[in-house]
Amino acid sequence: MKTTVKIAAFALMTLAVACAAGATFPNRPLEGFGTDTVGGLGGDPYVVTSLDDSGPGTLRDAVSQSNRYVTFAVGGTIELEATLRITGGHITIDAADAPNPGITITAAHAGVAAALLDLKGASHIIVRNIRVCDAPDPDTGDNLRIWDYAHHIVIDHCSFRRAGDGNVDICRDVHDVTIQWCILADTVKNSLIAERNYNISLHHNLYVRGDERNPQLDDTTFVDFVNNVVYGWSGNYGTRIRNGSSANVVMNYYAPDDGSDASDALVLDGAGPVYLEGNILPPSCPAEGTCGAMLEAPAVTEMDPETALRNVLAEAGAYPRDYDDSDYANEVGSSPVQSTSWGAIKAMYR
């Protein structure tokens, strides 16, 4: 059932939260389909001591073997000369305790093709607290790609922005993945989840300034989409579920900006079973669930949409928050909703 709510101006002021440098990393529990894994826990410890693209002490060297728990003694930007691909298993990349300003991965030059961080057939991987930005290729440049039978993957408190193609794409027979407490921002095609995937949890993420695919589910089943914030989809659409995809869409918060078509906040286009409950949607959005019972999924901490909005804006993304992530959170939190058609909503609760 569709739920709509108007947020008072004083509440919006409390949402404009930017995390100061040195803020404590918010250790939220890992939840959802992907979390039946320990990643690299119990494996060989590897400390990254260099921000170079390759060589001893680099992240590329760290993930070249399976069964590793990777931490960082350095903070800063890793400029990749080529895709950083992980094909092994039981690896944790944990930058929660990296020195300021944290860890950012980007391309060294415009000639870097395909994805920056690429999990091809990888399994039992946990990635925490990194930024992946500016994949340059307009056709294949994903910031993060999870694909080709990869499984048991957790992406926690990471930031993805300005990809040439997709910020986070999950495709080709992938299963048991959790994307949680992340920021996906500032691109045309934010996140595609397609081609025979199943068991995907997407919760407490901020999708902001993505013209479309926030996310798009295509030929994907058993997706649990809970407590996400979707803001601003230009002239295209927010979330689209199509080609037989099935999902729970529960207690999410959709807010168009001035350039968004509010009626396209959530689009069901040939979807399979879709359970809708407790979402804040523009009143002009016609989306209705196609099944009356929630699809079975692992437990995720559920919040009412307003509480989720506050917490996602305060906590999502990599720490310490940099200028861009703070700007995204502040833009959503201080958006003048009362000047838009969406802002005229009256409180209506089930």
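Which residue, with a positive phi, follows α3? That would be Gly317, with phi near 90 degrees. Keep in mind as we go that this is a predicted model. We'll start at this helix and work outwards.

At the other end of α3, the start, a side-chain oxygen of Asp304 reaches to within 3.1 Å of the backbone nitrogen of Glu306. Along the helix, the buried residues are Pro305, Ala308, Leu309, Val312, Leu313, Ala314 and Glu315. How do those positions fit a helix? An α-helix has 3.6 residues a turn, so residues three or four places apart point the same way. With that in mind, look again at Ala308, Leu309, Val312 and Leu313, which are among the buried residues of α3.

Now zoom out for a moment. The chain has 4 helices and 26 strands. It runs to 350 residues, and 59% of them count as buried. If you take the contacts between residues at least 6 apart in sequence, 71% join residues at least 24 apart.

On to the nonpolar interior. The largest nonpolar core has 63 residues, and those with the most contacts inside it are Leu59, Ile146 and Ile155. Try clicking on Ile155: leaving out residues up to four places away in sequence, Ile155 touches Val127, Leu144, Ile146, Phe160, Thr178, Ile179, Gln180 and Cys182. There is also a second, separate core, this one of 19 residues, and Leu313 is in it along with Ala185, Ile280 and Tyr328. Leu313 is one of the buried residues of α3, so to speak our link back to the helix.Several of those Ile155 contacts, including Thr178, Ile179 and Gln180, bring us to strand β15, residues 175-180. How many of the residues of β15 are buried? The count is 6 of 6, and the strand is mostly covered. β15 has strand β12 (residues 151-156) as a partner, joined by 5 bridges and running parallel. Within that pairing, Val154 has Thr178 as its bridge partner. β15 also pairs with strand β17 (residues 192-203), again in parallel and through 5 bridges. Here you can find Gln180 standing opposite His203.

Step back along the chain from β15 and you reach Asp173, in the loop that comes after β14 (168-171) and before β15. Is Asp173 buried or exposed? Its relative accessibility is 15%, and because the cut-off for buried is under 20%, Asp173 counts as buried. Its side chain makes a polar contact of 3.0 Å with the side chain of Arg196. Arg196 is also among the residues that Asp173 touches, together with Tyr149, Ala150, Glu195 and Asn197, once residues up to four places away in sequence are set aside. Measure out to Trp147 in your viewer, too: the two C-alpha atoms are 7.1 Å apart, while Asp173 and Trp147 are 26 residues apart in sequence. Trp147 has something else to show, since Arg145 lies over the face of its ring, at 5.7 Å from the ring centre.

Next, the aromatic pairs. A search of the whole structure turns up 2 of them. Phe25 and Tyr319 make an edge-to-face pair, with 6.1 Å centre to centre and 80 degrees between the planes. Why does this pair tie together parts that are 294 residues apart in sequence? Phe25 sits in the loop between α1 (9-15) and β2 (44-48), whereas Tyr319 sits in the loop between α3 (305-315) and α4 (323-333), so the pair bridges that gap in the sequence. Both residues are buried. Tyr207 and Phe225 form an aromatic pair as well, a tilted one, at 5.9 Å centre to centre and 50 degrees between the planes. Tyr207 belongs to strand β18 (residues 206-212) and Phe225 to strand β19 (residues 216-226), and they are 18 residues apart. Tyr207 is buried at a relative accessible area of 1%, and Phe225 is buried too, at 3%.

One last stop is Thr58, in the loop between β2 and α2 (59-62). Thr58 has 0% relative accessibility and counts as buried. Its side chain reaches the backbone nitrogen of Asp61 at 3.2 Å. Aside from residues up to four places away in sequence, Thr58 touches Tyr46, Val48, Ser50, Asp52 and Asp53.

Conventions. Residues are numbered from 1 along each chain as its sequence is written. This is a predicted model: local features need pLDDT of at least 70, side-chain atom pairs count only at pLDDT 80 or more; totals for chains, interfaces and linings use all residues. Side-chain values use heavy atoms; hydrogens and water are left out. Rings of Phe, Tyr and Trp (its six-membered ring) pair if their centres lie within 6.5 Å; planes under 30 degrees apart count as stacked, over 60 as edge-to-face and the rest as tilted. Helices (H or I, at least four residues) and strands (E, at least two) are DSSP runs, numbered from the N terminus. Buried means under 20% relative accessible area, exposed over 50%, partly exposed in between (1.4 Å probe, protein chains only). A charge sits over a ring if NZ of Lys or CZ of Arg is within 6 Å of the ring centre and within 35 degrees of the ring normal. A polar contact is a pair of N or O atoms within 3.5 Å; within protein, one must be able to donate a hydrogen and the other to accept it, and residues adjacent in sequence count only if both atoms are side-chain atoms. Contact means heavy atoms within 4.5 Å. A nonpolar core is a set of buried Ala, Val, Leu, Ile, Met, Phe, Trp, Tyr and Cys residues joined through side-chain atoms within 4.5 Å. Two strands pair if DSSP finds at least two bridges between them.
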